[in-house]
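Biologist: I've got this model open on my screen and I'd like a close look at one part of it. Could you walk me through the helix packing and the spaces around it?

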Amino acid sequence: MPKSQTGARGTRNPGRTGRKLPAHIQFDVDRVADVVAAGFRSPAWYQMAAEMYQYAFRTLNAAMRKTDMLMELVAKSNAPLELSDEDRSTLHRNSGDRAVIALVTVNVAMEEFPQLLKKGGYNPAGNPGKDGRFKALKSFFVTRCGLVFPRVFDNWKKERTDRFLRYAKTRMEGWRLAHALGQYDEQVPPDVTALCNTVTAMIETLRPRNRAVWHMTIEGYAPGEIADALDIKIGDVNNALYTFRTKVKTMRQRGELVIPPSLEAEWARRREQDAAKTRKKEAVR
C-alpha cells in the first residue's frame, strides 16, 4: 500500500493544495516514513543522513562566500546574524574556517532532525512554502541548518576572538616597540619613548586579530609563524600589517606623527648596512 504524503501508510493525500506531489517529493516522504518507523536505526536512515550532510555542507560553503545568499538562508532564524567586514572577508577567503563552521552547523541541525521528523516536521503537502513549490527533503534540511547557523557562527566567533586575545591579552608597553626598533632601555631618548608609546597605544585600539598580529610581530615572529599560531591565512597577517603601516605613514605625512632624528639616523644606518651586504654578495657571485 502506498504511503501518504505526510509519511504515514495509507492513501495518497494531496494535502491542502489539492495537488499531487511530484514523484521525487513523494519519494522523500516515503523515505521519511520508513526511517521514522525503523527508529532511525536502519541503513536507510544512515544513507539519508549522509546525503543530507553532503548536500548541506556544499550549500553552506557556497552561501558563506556570498553575504546575500547567507542572509537569505538565515532569514527565518530567531537569532540575528551580525557580520563585520572582517567576518565577511574571513568567510569569503578562508576555506578552512568555512569548512569548520559548515560542519558544526550540519552536526547541530542533524542532532535535532530525527525528533523533528518524528513530529511530522517534514510535510510538503501541508506546507508547500510561500512560492507554492514543494520542498525536497535536502532543501528542508538546509533550511534547518539556516535556523541554527547564527548560533553556531556566534559561538565560533567567540572562540576565535578568545584565541586572538590569548596572544594580545597583555597590554603592550612602548619599551617593547623601542626594543624591537633596536633602542635599548638605557639608550632610549625621550622623543623615541614618546613615539613608541603613541604607536603602541594605537595598536591597543585595533581589533583582537590585528592586535594579536602586531603583538607577535613586535615580539619577533615571522608572518608565517603568526598565521600558524592564530590559525589564519598569511594574507590576513600581511593585510593587518599593511593596513596599520599605511595608517602610520599617512599620519607621518600629515605631521601627526614625528619620527625623532635619532631614529631616522638609525634607520639610515641599517639601510646602508643592508645595502653593503647586498653589494658584497653580488661581488662574490
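Modeller: Here is a tour that starts at α5 and its neighbours and then moves on to a pocket and another helix pair. Keep in mind that this is a predicted model.

Let's start with α5 and α6. Their axes lie 7 Å apart, and the two helices pack at an angle of about 120°. Because of that angle, α5 counts as oblique to α6. The crossing itself is right-handed.

What does each helix bring to this contact? From α5 come D97, V100, I101, V104, T105, V106, V108, A109, M110, E112, F113 and L116, and they meet L137, F140, F141, R144, C145, V148, F149, R151, V152, F153 and W156 of α6. Sorted by class, that contact has 18 nonpolar residues, one polar and four charged.

Now for the cavity. Searching the whole structure turns up one cavity of 30 Å³ or more, and the space inside the largest cavity comes to about 50 Å³. Its lining is made of A109, E112, F113, L116, R144 and V148. Two elements give two or more residues each to that lining, namely α5 (95–118) and α6 (137–166). The bigger giver is α5, which puts in four residues, the most of any element. As for chemistry, the lining of this cavity has four nonpolar residues and two charged ones, with no polar residue. If you click on A109, E112, F113 and L116, you'll be looking at residues that line the cavity and that also take part in the contact of α5 with α6. On the α6 side, R144 and V148 likewise line the cavity and sit in that helix contact.

Then go to the other neighbour of α5. Helix α4 (residues 85–93) has an axis that comes within 6 Å of the α5 axis, and the two cross at roughly 95°. So α4 is roughly perpendicular to α5. Here T90, L91, H92 and R93 of α4 meet S95, D97, R98 and I101 of α5. The class count for this contact is two nonpolar, three polar and three charged residues. D97 and I101 are worth highlighting: both meet α4, and both are also in the contact with α6.

Next comes an open space elsewhere in the model. The second largest pocket holds about 540 Å³. It is lined by 18 residues, and those closest to its centre are L177, L181, W214, R245 and W267. Several helices each supply at least two residues of that lining: α7 (174–180), α8 (190–203), α9 (208–218), α11 (234–253) and α12 (261–284). The largest share is five residues, and it comes from α11. By class, the lining of this pocket has 14 nonpolar residues, one polar and three charged.

One of those lining helices, α9, also packs against helix α10 (residues 223–230), at an angle of about 135° and with the axes 10 Å apart. That angle is why α9 is called oblique to α10. Again the crossing is right-handed, this time where α9 passes α10. On the α9 side the contact uses R209, A212, V213, M216 and T217, while α10 contributes I226, A229 and L230. Those residues divide into six nonpolar, one polar and one charged.

Note on methods:
Residues numbered from 1 in each chain as written. Predicted model: local features only at pLDDT ≥ 70, side-chain atom pairs only at ≥ 80, totals over all residues. Heavy atoms only, no water. 1 Å grid on protein atoms, 1.4 Å probe; cavity = no way out; pocket = protein on both sides within 12 Å on 5 of 7 lines; lining within 4 Å. Points joined across faces, edges and corners; volume = space filled by probe spheres on them. Nonpolar A, V, L, I, M, F, W, Y, C, P; charged D, E, K, R; others polar. Axes fitted to C-alpha atoms, helices over the stretch in contact; angles between N-to-C directions. Parallel < 35°, antiparallel > 145°, perpendicular 65-115°, else oblique. Left-handed = near helix turned anticlockwise from the far one by under 90°. Contact = heavy atoms within 4.5 Å.
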